[in-house]
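Subject: A structure for you to look at

Hi,

Here is the protein I said I would pass on. Have it open in your viewer while you read, and click along as you go.

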Amino acid sequence: MVLISLVATHSELDLETVGTLSSGAAELAGSVHMPAVTLATCNRMEIYAESTGSSHDDVQSTREQLLDVVAETSGLDRELVGRSFRTLVEDDAVSHLFEVGAGLDSAVIGEREIAGQVRKSLADAQHAGTISGNLTKLFETASRTAKDVGTRTALGSRGRSIVSVALDIAGDMRGDGAAFYPRAKVVLIGTGAYSGTSLAQLVERGVTDIGVFSGSGRAEDFVAERAGGARALQMQELPAAFREADLIIGCSGGNRRITAREVENLAGLTGSSPRVKPLTVVDLALSHDFDPDVAELDGVDLITLESVKMAAPGETEDSVQEARDVVASAVQTYLTERRERSADDAIVALRRHTQELLDEEMNKIRKQHGCTGAAEEVEFAVRRIVRKMLHTPTVRAREMAAEGRTEDYVRALQDLHGIEVPVRAETARATPAKRRRAEDFSAAELAQMASYLTKVPAGGFCQHHRPGEFAIERIDAVRGLQIRRAG
């Protein structure tokens with residue numbers, strides 16, 4: 001087994017390309033026949049996987065398979081996809097993930113949101129059954145390290161994030177700084193992780209007028225799950241909310257962008273009585289919720305992830321180094337423990353070989369002398385001698401493994417004792433990728449399905465297509481729901 005990571009980030013690519021590469025990220029790990037985890041955030045697309053063999057050809061084959069799937073899901077040219085990803089192997093991949101989780105590789109150095117995204121990537125892979133024990137251990141340790149950086153270093157105490165920096169920029173652009181927010185009216189588009197962080201930040205800054213809109217219809221649940229006095233907006237309420245808004249934040253990352261013309265109409269920038277007060281639009285969606293042309297509108301300021309990246313405040317050299325020291329120590333501990341575990345097969349083979357020789361000789365003694373007290377005393381003494389003799393080879397095996405010399409130890413066992421260390425079975429997923437079962441759906445989810453299906457004509461697939469255009473069997477979880485369908 002060899003750990004391999006494909007990395008595409010804001011450091012080498014424009015965010016538009018990163019966003020396109022991330023298309024279909026949720027399905028990527030389930031599309032390959034190997035343990036894999038995807039980490040897709042607003043400024044990175046990374047894949048962590050285990051090759052099914054340890055040779056160079058095996059690693060290359062794993063890489064090519066992953067790139068093929070990315071090209072297929074993103075719709076990008078295969079050659080462009082290949083150029084977009086850096087490939088990290090083994091120790092380099094481990095170090096990179098730990099640095100990412102600690103916020104040391106982010107557009108905003110020290111951001112805390114990325115740690116939660118690393119945890120979510122692991123949870124998603126576990127739920128989908130695309131994970132292995134080795135990858136689980138890797139991601140869990142990276143998450144613990146991020147927590148240590150957050151609690152033990154000055155970098156972690158800053159509490160900076162992409163959202164907080166974007167809101168700082170918005171306040172400064174309005175000329176009031178922090179004083180802008182208590183009297184601001186805000187529209188928040190989207191109900192994902194960044195929307196949750198944005199809502200919390202807005203409440204913390206004293207905003208009391210927050211409307212949340214979601215094209216998926218989740219705004220009411222989103223608001224209900226969070227304190228802060230935000231209200232859910234229906235589609236028909238959006239024009240009035242845009243017209244009154246001082247700040248609009250897009251976090252949905254949907255497939256459709258809001259055009260400059262739509263912002264112009266919704267916000268009342270034109271017409272017989274156009275709005276007078278300025279409007280600030282913050283676009284935090286990787287795939288963009290707003291067209292770039294919005295920045296050309298009079299009276300509108302557009303803040304994007306690119307803006308945040310350029311304006312992100314630098315950290316002091318001491319705080320960054322403090323965090324890097326914590327990460328480096330954690331990486332070294334993880335690698336040492338992993339290498340020591342790699343010696344287990346050799347240790348087991350040596351002990352099994354020795355035990356078999358001991359049992360063989362003791363059987364001869366019992367056949368010759370019977371199960372006497374003398375035979376038991378001989379066996380007790382011999383076993384004690386064997387344990388003492390195995391102590392040093394066992395310790396040395398772990399020491400050599402920590403030095404990355406497990407193969408030398410295995411070769412020595414073969415040359416000196418003729419002991420063959422069995423090759424461990426190929427790495428495999430913990431469970432096969434799976435669809436959700438009926439019992440996995442909550443009552444609220446089933447109710448939402450039923451509500452949606454009332455809008456679907458009998459025999460139809462969805463409310464946007466006529467009956468007969470699709471033929472698909474309903475999942476068991478909704479097959480028994482009593483639904484009054486639209487005519």
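Below is what turned up, going from the whole chain down to single residues.

First, keep in mind that this is a predicted model. The protein has 487 residues, and 44% of them are buried. Its secondary structure comes to 20 helices and 10 strands. If you take the contacts with a separation of 6 or more, 71% of them are between residues 24 or more positions apart. On the outside, the protein exposes about 25100 Å², and carbon and sulfur atoms supply 50% of that.

Now find C42. The UniProt entry, which is unreviewed, annotates this residue as "active site". C42 sits in the loop between β2 (36–41) and β3 (44–51). Is C42 buried or exposed? Its relative accessible area is 4%, and buried means under 20%, so C42 counts as buried.

Next, have a look at strand β8, residues 247–250. In a regular strand, side chains alternate between the two faces of the sheet. In β8, L247 and I249 are on one side, while I248 and G250 are on the other. All four are buried, so both faces of the strand are covered.

β8 also has strands to pair with. Strand β5 (residues 185–189) pairs with β8 in the parallel sense, over four bridges, and V187 stands opposite I248 there. Strand β9 (residues 279–283) pairs with β8 in the parallel sense too, again over four bridges. In that pairing, I249 has V282 of β9 as its bridge partner.

Two of the β8 residues come up again in the largest nonpolar core, which has 57 residues: L247 and I249 are among those with the most contacts inside it, along with F85, L202 and L284. Helix α9 (residues 162–173) gives this core its largest share, seven residues. Where does the core lie relative to domain 1 and domain 2? Domain 1 (2–158) and domain 2 (162–311) both give residues to it, so the core lies between them.

L202 is a good residue to click on here. Leaving out residues up to four places away in sequence, L202 touches L167, Y181, V186, V207, I210, L247 and I249. There is also a second, separate core of 32 residues, and V7, A93, V118 and L122 are included in it.

Write back if you get stuck on any of this.

Cheers

Methods:
Residues numbered from 1 in each chain as written. Predicted model: local features only at pLDDT ≥ 70, side-chain atom pairs only at ≥ 80, totals over all residues. Heavy atoms only, no water. Helix = DSSP H or I, 4+ residues; strand = E, 2+ residues; numbered from the N terminus. Buried < 20%, exposed > 50% of the residue type's maximum accessible area, 1.4 Å probe, protein only. Contact = heavy atoms within 4.5 Å. Areas by Shrake-Rupley, 256 points an atom, 1.4 Å probe, with all protein chains shown as cover. UniProt positions renumbered as here; feature names shortened; annotations may be inferred. Pairing = 2+ DSSP bridges. Core = buried A, V, L, I, M, F, W, Y, C linked by side-chain atoms within 4.5 Å. Domains from an automatic or database assignment.
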